[in-house]
Amino acid sequence: MLYKNIIDMHTHSDNSFDGNHSVVLLCEEAINKGAKGIAITDHCDIDSKTMDFRALTTNQFVETFQAKANFAGSLVVMQGIELGQPIYNKELSESILNSFKYDFVLGSIHNLYETEDFYFLDYKLYDIYDLLQKYFEAELELAQWGNFDTLAHLTYPLRYIVAREGIRVDLSKYYDLIDAIFEELIKNDKALEINTSGLFLEMAETLPGKDLIKRFKDLGGKFVTIGSDSHSADRVCNGIEKGMELAKECGFDNITIFEKRVPVEIPIV
């Protein structure tokens, strides 16, 4: 291992609709890989028509609470949640956040309003640049709402547009909009996620990539978190060391974890 302080801040257990393994198994795998900490951040997609929010959040919170106690001394377990599309129903989002004392909240956008997840779209039917314009506008609204700790996978649609479909995209068209997103994060002391899942796709790049991480730092960004976005135990901690290396190259000396939603900086060593 290149680094000592390996911490995975974005993981999904079988409490997520697309997760495969228990909270316990994720924690055990993190320990096996030499990690110091893990955040369990199961999907809570606020615009879902089928999700039982009470059952999901209660079960997940209880399981992560038990894991926090059971693994104390060997692994820091953070009780987290990934709020997907929280701006589409802010009242529900805030109700969930007021009901549970989370350590860590990821904010994310996986789909445009009343539209399928970017994963499912047939890109032959869309104007890619119009889609991305609307996506980054939603990301800006999310950043302005701000009731989260880290903005997750800023360039999420590229997983499918670039990595899967092989469509080239000029992100410079959105730099002004992305700067506005970064300025909101910086103003409100929010973190930017370096999501390492893209390293294992055809794009071979984090979400967002190095140029945007550096831009965030240059504008005054203070905090970054690094997450694998794993949906199975075998992928826990995948790419975290590469993410740490990238953060260091972009000028960050620390990564960030959260305790009761308060940022704690951890040296990149």
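A salt bridge is a side-chain nitrogen of Lys or Arg within 4 Å of a carboxyl oxygen of Asp or Glu. By this criterion, the predicted model holds 16 salt bridges. Three of the pairs, among them Glu114 with Lys49, are described below.

| Salt bridge | N to O distance |
|---|---|
| Glu114 and Lys49 | 3.7 Å |
| Lys124 and Asp122 | 3.3 Å |
| Glu184 and Lys187 | 3.3 Å |

**Glu114 and Lys49.** The side chains of these residues form a salt bridge at 3.7 Å, N to O. Glu114 is placed in the loop between strand S4 (104-108) and helix H4 (128-145), while Lys49 belongs to the loop between strand S2 (37-45) and helix H2 (53-70); the pair therefore ties together parts that are 65 residues apart in sequence. Glu114 counts as exposed, with 54% relative accessibility. Lys49 is likewise exposed, at 69% relative accessibility.

**Lys124 and Asp122.** Here the salt bridge spans 3.3 Å, N to O. Lys124 has a relative accessible area of 73% and is exposed, whereas Asp122, at 32% relative accessibility, is partly exposed.

**Glu184 and Lys187.** This salt bridge, at 3.3 Å from N to O, lies within a helix. Both residues belong to helix H6 (residues 175-187), and because they are three residues apart, about one helical turn separates them. Glu184 is buried, its relative accessible area being 15%; buried means under 20%. Lys187, by contrast, counts as exposed at 58% relative accessibility.

Technical notes:
Residues are numbered from 1 along each chain as its sequence is written. This is a predicted model: local features need pLDDT of at least 70, side-chain atom pairs count only at pLDDT 80 or more; totals for chains, interfaces and linings use all residues. Side-chain values use heavy atoms; hydrogens and water are left out. Helices (H or I, at least four residues) and strands (E, at least two) are DSSP runs, numbered from the N terminus. Buried means under 20% relative accessible area, exposed over 50%, partly exposed in between (1.4 Å probe, protein chains only).
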